[in-house]
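Trainee: May I ask for a close look at a single part of this protein, the place where its domains meet? Please explain each term as it arises.

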Amino acid sequence: CVVVILNPKENKQQHIFNTARKSLSALAFSPDGKYIVTGENGHRPAVRIWDVEEKSQVAEMLGHKYGVACVAFSPSMKHIVSMGYQHDMVLNVWDWKKDIVVASNKVSCRVIALSFSEDSSYFVTVGNRHVRFWFLEVSTEAKVTSTVPLVGRSGILGELHNNVFCGVACGRGQMTGSTFCVSYSGLLCQFNEKRVLEKWINLKVSLSSCLCVSQELIFCGCTDGIVRIFQAHSLQYLANLPKPHYLGVDVAQGLEPSFLFSRKAEAIYPDTVALIFDPIHQWLSCVYKDHSIYIWDVKDINKVGKVWSELFHSSYVWNVEVYPEFEDQRACLPSGSFLTCSSDNTIRFWNMDGSPDSHWQKNIFSNTLLKVVYVENDIQHLQNMSHFPDRGSENGMPVDMKAGVRVMQVSPDGQHLASGDRSGNLRIHELHFMDELVKVEAHDAEVLCLEYSKPET
């Protein structure tokens, strides 16, 4: 129920809380950056508009039944489009300042993404065997007070009609007439002004999930950390974005910037889940399937640099433990550190102070994460399985695999960490070198609590 607004330059976060306590399923910025529109799911889901500066709600529009799959502002900012879930079927165009639906229609398949043309005259929705162009000015110029049917025409897909399209972006600048789509099967397609599929290329990946465009470039997000970059006007392949960290990386060893661009044989990288391009700074923000976020500077795509990144838990956090403070030299972690454990089978060590401590140097992956302990040495739980390939699935519940560390406690002398997992194992790690000293199959079911005896008792 929260929108997180992150400022990477200052490494600060702000939050908009959805006081309706409904989980948010979609959001988009207004073209001027002053507003955010959100869609939610649940009973009578609303489309809400928030003032970014004030963090307050400006408007609330009710017109969907089950949930909102996508929302967008028109570039002119006059209209907002909201697309409901598959069973909701409703596609609404709102004049949001007047709180009225000016045009509406029904879509019988699942829509995954939508994009507005630069001149606000039409927008495109894509989804399961679906690419459709919706024309606004035809629908909204008539001087009628009631809602009119939204005029839609299907894209002419030819032999590609069986694909699931998961990303769409209308061309910018010189490419204004074109529309680009990407399918799960890894095809990048270009439609012309007449909605005809002009050309398509195979991205040569196992799955593709998202795309975004700048005036000159197309970015396609794919599995295994791949982001492919193409020339917008010719669809010529230019380069790949650098991959993020590999799954199971020891962040504490990533002290040299070159470590990020080095490759490890046999490594598996997290899938790219979402992309957005910032034309002012020429930054490309990427969200990966292990819930990590990277912001890449793509001014020069042959010399891509990293602006900001952060690694997070990819599943539920079960416990938080603050590292005790010690006067003398025996502390294993810098002052103000805390630990979290999660269903993703990791224990993570964090410090928000950013104090230059001798033993813990800053790593290149995160400003706050000091260390990750992977308890089972498997990486299968590090990627969130709830949204591929059926991304944003309407039931949205992750598969509850009995994995992960449920509870932990630092020993009173600060030297050891005891943890219990969801399979009943008890482990003790030594905190100087993070070695696992003890592993006992202590219980037949998950360990719910554990505690060290106090030295004075």
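Mentor: The answer that follows describes the contact between the domains, from its overall extent to individual residues.

The model is predicted: local features require pLDDT of at least 70 and side-chain atom pairs count only at pLDDT 80 or more, whereas totals for chains, interfaces and linings use all residues. Residues are numbered from 1 along each chain as its sequence is written, and side-chain values use heavy atoms, with hydrogens and water left out.

The protein is divided into domain 1, residues 1-309, and domain 2, which consists of residues 315-388 together with 395-439. These bounds come from an automatic or database domain assignment. Between the C-alpha centres of domain 1 and domain 2 the distance is 33 Å. To the contact (heavy atoms within 4.5 Å), domain 1 contributes 30 residues and domain 2 contributes 20 residues.

The size of an interface is often given as the accessible area lost when the parts come together. Here, domain 1 and domain 2 bury about 2100 Å² between them, where buried area is the accessible area, found with a 1.4 Å probe, that two parts lose on being put together, summed over both. Of this area, 64% is on carbon and sulfur atoms. Which residues of domain 1 lose the most area to domain 2? They are Val-251, Leu-255 and Lys-289, which together make up 31% of what the domain 1 side buries.

Charged and polar pairs can be considered next. Between domain 1 and domain 2 there is 1 salt bridge, a term for a side-chain nitrogen of Lys or Arg within 4 Å of a carboxyl oxygen of Asp or Glu. A salt bridge joins the side chains of Asp-250 and Lys-371, at 3.2 Å from N to O. Asp-250 falls within the bounds of domain 1, and Lys-371 within those of domain 2.

Across the same interface, 8 residue pairs are in polar contact, with both residues at pLDDT 80 or more. A polar contact is a pair of N or O atoms within 3.5 Å; within protein, one must be able to donate a hydrogen and the other to accept it, and residues adjacent in sequence count only if both atoms are side-chain atoms.

Finally, which elements form the side of domain 1 that touches domain 2? Helix 2 (258-261), strand 24 (272-278) and strand 27 (305-310) each supply at least two residues. Strand 27 gives the most, with 3 residues. Helices (H or I, at least four residues) and strands (E, at least two) are DSSP runs, numbered from the N terminus.
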